[in-house]
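I opened this entry to look up the sheet, the helix packing and the ligand surroundings. Notes follow in the order I checked them.

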Amino acid sequence: MPTIAIVGAGPGMGLAIARTFGRNGFDVALIARTQEKLDTLAGRLGDEGITAEAFTADIMDRPSLNAALEAAKERFGGIDVLEYSPAPHSPVPGFTMAAPSEATVENLQPQIEYTLYGAVAAARAVLPAMRAAGAGTLLFTTGGGSVDPVPMMGNVNAAGGALRNWVLNLGKELAGSGVHAAHVAINVWIGEGGPEGIPTATPEQIAPLYWELHRERGRSEAVFNA
Ligand SMILES: NC(=O)c1ccc[n+]([C@@H]2O[C@H](COP(=O)([O-])OP(=O)(O)OC[C@H]3O[C@@H](n4cnc5c(N)ncnc54)[C@H](OP(=O)(O)O)[C@@H]3O)[C@@H](O)[C@H]2O)c1
């Protein structure tokens with residue numbers, strides 16, 4: 001069975017992407033910081049007939065991320081698709097939003113560490129085997145502000161834009177190698193409870209886009225608009 005590793009697997013996009021790939025014959029490695037939350041997700045997927053297993057790691061702690069991806073490779077015999085979409089659902093020390101003119105090295109650095117460096121580290125853990133096999137897919141998620149930035153999220157969008165730029169360039173480098181890299185910009189609030197006037201969508205409405213990018217392999221970017 002092919003395997004997808006979801007880095008930053010939670011109850012929103014993580015679960016929906018797991019279901020989408022699981023229903024299409026994939027085993028699922030769920031990676032995030034909290035064992036109990038991951039076990040709950042794995043249990044729900046198991047009830048639906050999808051083989052899923054939890055691997056704890058913090059993307060800010062690169063050795064733990066490498067170890068989780070290595071353990072997932074060992075458990076499932078390899079990783080065919082990597083998907084990166086961590087989301088800080090609870091406050092993270094050092095994370096603040098800053099307008100472009102208020103961006104500082106101090107408030108940008110954690111965003112870059114989280115969004116860009118975590119993604120680069122995850123990709124480096126799986127890419128050599130994918131290149132050797134001449135097959136594999138690397139999918140990375142940001143918000144719509146990575147494409148069309150909004151002033152109140154100046155530092156967050158700078159990090160998302162950096163990830164987007166790197167993914168598009170990785171895709172160019174990998175063209176013809178059999179490994180496909182693509183970026184997904186989610187330009188909506190996911191689920192309920194968003195600010196008034198901001199368009200929303202459910203994870204289930206968005207997740208098929210990831211499957212399309214994996215299957216079609218012709219597009220290096222998709223922007224999900226409501
Ligand atoms: N939510 C939105 O409205 C929205 C809008 C636009 C774009 N997006 C993007 O969509 C993607 C998915 O968002 P979502 O809200 O649906 O997420 P989700 O899949 O529901 O959950 C993401 C998971 O990431 C894990 N995580 C957070 N920090 C981590 C860390 N340092 N290391 C490892 N795992 C970590 C959390 O689990 P633990 O706490 O157990 O680590 C969390 O459950 C993200 O890339 C986000 O930026 C979200």
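**Sheet**

I traced the sheet in this predicted model and found seven strands in an open arrangement, ordered S3-S2-S1-S4-S5-S6-S9, with parallel pairing. I noted S3 (52-56) and S9 (221-224) as the edge strands, since each pairs on one side only. On average, neighbouring strands of this sheet are turned by 15 degrees against each other, direction ignored.

I then looked at the S9 edge. Strand S6 (residues 179-186) runs parallel to S9 and is joined to it by four bridges. Opposite glutamate 221 in S9 I found histidine 183.

**Helices**

I checked which strands H1 lies across: S1 (3-7), S2 (27-32), S3, S4 (81-84) and S5. Against S2, H1 runs at about 165 degrees.

Next I took the pair H3 (residues 62-76) and H4 (residues 105-133). Their axes come within 10 Å and cross at roughly 35 degrees, and the crossing is right-handed. From H3, I listed Arg62, Leu65, Asn66 and Leu69; they meet Gly118, Ala121, Ala122, Ala125 and Val126 of H4. By class, this contact has six nonpolar, two polar and one charged residues.

**Ligand**

Which residues come nearest to the ligand? Of the 26 residues around the ligand, I found these to be Gly10, Gly12, Gly14, Arg33 and Thr34. I recorded helix H1 (13-23), strand S5 (136-143) and strand S7 (189-190) as the elements that give two or more residues to the shell. Sorted by class, the shell around the ligand has 14 nonpolar, nine polar and three charged residues.

Terms used
Residues numbered from 1 in each chain as written. Predicted model: local features only at pLDDT ≥ 70, side-chain atom pairs only at ≥ 80, totals over all residues. Axes fitted to C-alpha atoms, helices over the stretch in contact; angles between N-to-C directions. Left-handed = near helix turned anticlockwise from the far one by under 90°. Contact = placed C-beta atoms within 7 Å. Nonpolar A, V, L, I, M, F, W, Y, C, P; charged D, E, K, R; others polar. Near = placed C-beta within 6 Å. Pairing = 2+ DSSP bridges.
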